[in-house]
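Hello,

Here is the structure I promised to pass on to you. Please have a look at it first, and then read on for what I found in it.

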Amino acid sequence: MEKIDNLDRRILEIVMRNARIPSKDVAVECGVSRTAIHQRIQRMIDLKVITGSGYHVDPHVLGYTTCTYIGVNLERGAMYRNVVPELEKIPEIVECHFTTGPYTMLIKLYARDNEHLMELLNDKIQTIPGVLGTETLISLDNSIDREIHVDYE
């Protein structure tokens, strides 16, 4: 990967706070031209440093009041490749990680309520071939939700 310099890091820090900020405002903050900002951002997209942009939607507003982390144990770790496509079919799942430690996988999902969560667990997740068991952790509050810190000089 090509080197990301201090200006790139400064641009990242600004647009990560507000992806909708006009390029002219980023240019003013960085002391460079709007064209330079456009070129730098496009380069970072091409390098896959920037992997997306968009809006963050509050799941609670949409009626999903229960945020849950589920540790999933598989018969064999190699079954991960077969299980992930099945989990992708469940729209309430928003993250899936192949992990070390007590679980083969850790998933994050949003449910409307505890009854909906039980349906997702019993009727969808636990019926996937290869899933041996699950452990459910319900999030009571999200105190920190942020992007990774970008250092710059």
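Thr68 is a good place to begin: its relative accessible area is 0%, so it counts as buried. This residue sits in strand S1. Setting aside neighbours within four places in sequence, Thr68 is in contact with Ile107, Lys108, Leu109, Leu117, Thr136, Leu137 and Ile138. Please keep in mind throughout that this is a predicted model.

**The sheet**

S1 belongs to an open sheet of 4 strands, arranged in the order S2-S3-S1-S4 with antiparallel pairing. At the edges are S2 and strand S4 (131–139), each of which pairs on one side only. On average, and ignoring direction, neighbouring strands of this sheet are turned by 20 degrees against each other.

S1 and S3 are joined in the antiparallel sense over 7 bridges. If you want to find this pairing on your screen, look for Gly71, whose bridge partner in S3 is Leu106. Two helices pack on the sheet. H4 touches S1, S2, S3 and S4, and its direction makes about 175 degrees with that of S2. H5 also touches S1, S2, S3 and S4, and its direction makes about 135 degrees with that of S3.

On the other side of S3 in the strand order comes S2. Strand S2 (residues 93–98) pairs with strand S3 (residues 105–111) over 5 bridges, in the antiparallel sense. Phe98 stands opposite Met105 in S3. The hairpin of S2 and S3 has 6 residues between the strands, and Gly101 in this hairpin takes a positive phi near 95 degrees.

**The nonpolar cores**

What lies inside? In soluble globular proteins, nonpolar side chains tend to be buried together. Here, the largest nonpolar core has 19 residues, and Ile70, Leu87, Leu109 and Ile125 are those with the most contacts inside it. Strand S1 (66–74), helix H4 (80–88), S3 and helix H5 (114–125) are the elements that give two or more residues to this core. A second, separate core has 14 residues, including Leu12, Ile21, Met44 and Ile50.

Leu87 is worth a closer look. Not counting residues up to four places away in sequence, Leu87 touches Ile93, Cys96, Met105, Ile107, Ile125 and Ile128. To get a sense of distance, take Arg43 and Leu87: they are 44 residues apart in sequence, and their C-alpha atoms are 33 Å apart in space.

**The helices H1, H2 and H3**

Arg43 brings us to helix H3, where that residue is located. With a relative accessible area of 25%, Arg43 is partly exposed.

How do H1 and H3 pack? Their axes are 10 Å apart, at an angle of about 85 degrees, and the two helices are therefore roughly perpendicular to each other. From H1, the contact is made by Leu7, Asp8, Ile11, Leu12 and Val15, and from H3 by Ile37, Arg40, Ile41, Arg43 and Met44. Sorted by class, this contact of H1 with H3 has 7 nonpolar, no polar and 3 charged residues.

Helix H2 (residues 23–30) meets H3 as well: the two axes come within 8 Å and cross at roughly 105 degrees. That crossing makes H2 roughly perpendicular to H3. Here Ser23, Lys24, Val26, Ala27 and Cys30 in H2 meet Arg34, Ile37 and His38 in H3. By class, the contact of H2 with H3 has 4 nonpolar, 2 polar and 2 charged residues.

**Two residues to look up**

Is Arg10 buried or exposed? Arg10 has 18% relative accessibility, and a residue under 20% counts as buried, so Arg10 is buried. You will find Arg10 in helix H1 (residues 6–17). Leaving aside neighbours within four places in sequence, Arg10 is in contact with Arg17, Glu29, Cys30 and Tyr152.

Lys48, by contrast, counts as exposed, at 63% relative accessibility. Lys48 lies in the loop between H3 and S1. Although Lys48 is not a glycine, it has a positive phi of about 65 degrees.

Enjoy exploring, and do write back with any questions.

Best wishes

Definitions and conventions:
Residues numbered from 1 in each chain as written. Predicted model: local features only at pLDDT ≥ 70, side-chain atom pairs only at ≥ 80, totals over all residues. Heavy atoms only, no water. Pairing = 2+ DSSP bridges. Buried < 20%, exposed > 50% of the residue type's maximum accessible area, 1.4 Å probe, protein only. Contact = heavy atoms within 4.5 Å. Axes fitted to C-alpha atoms, helices over the stretch in contact; angles between N-to-C directions. Parallel < 35°, antiparallel > 145°, perpendicular 65-115°, else oblique. Nonpolar A, V, L, I, M, F, W, Y, C, P; charged D, E, K, R; others polar. Core = buried A, V, L, I, M, F, W, Y, C linked by side-chain atoms within 4.5 Å.
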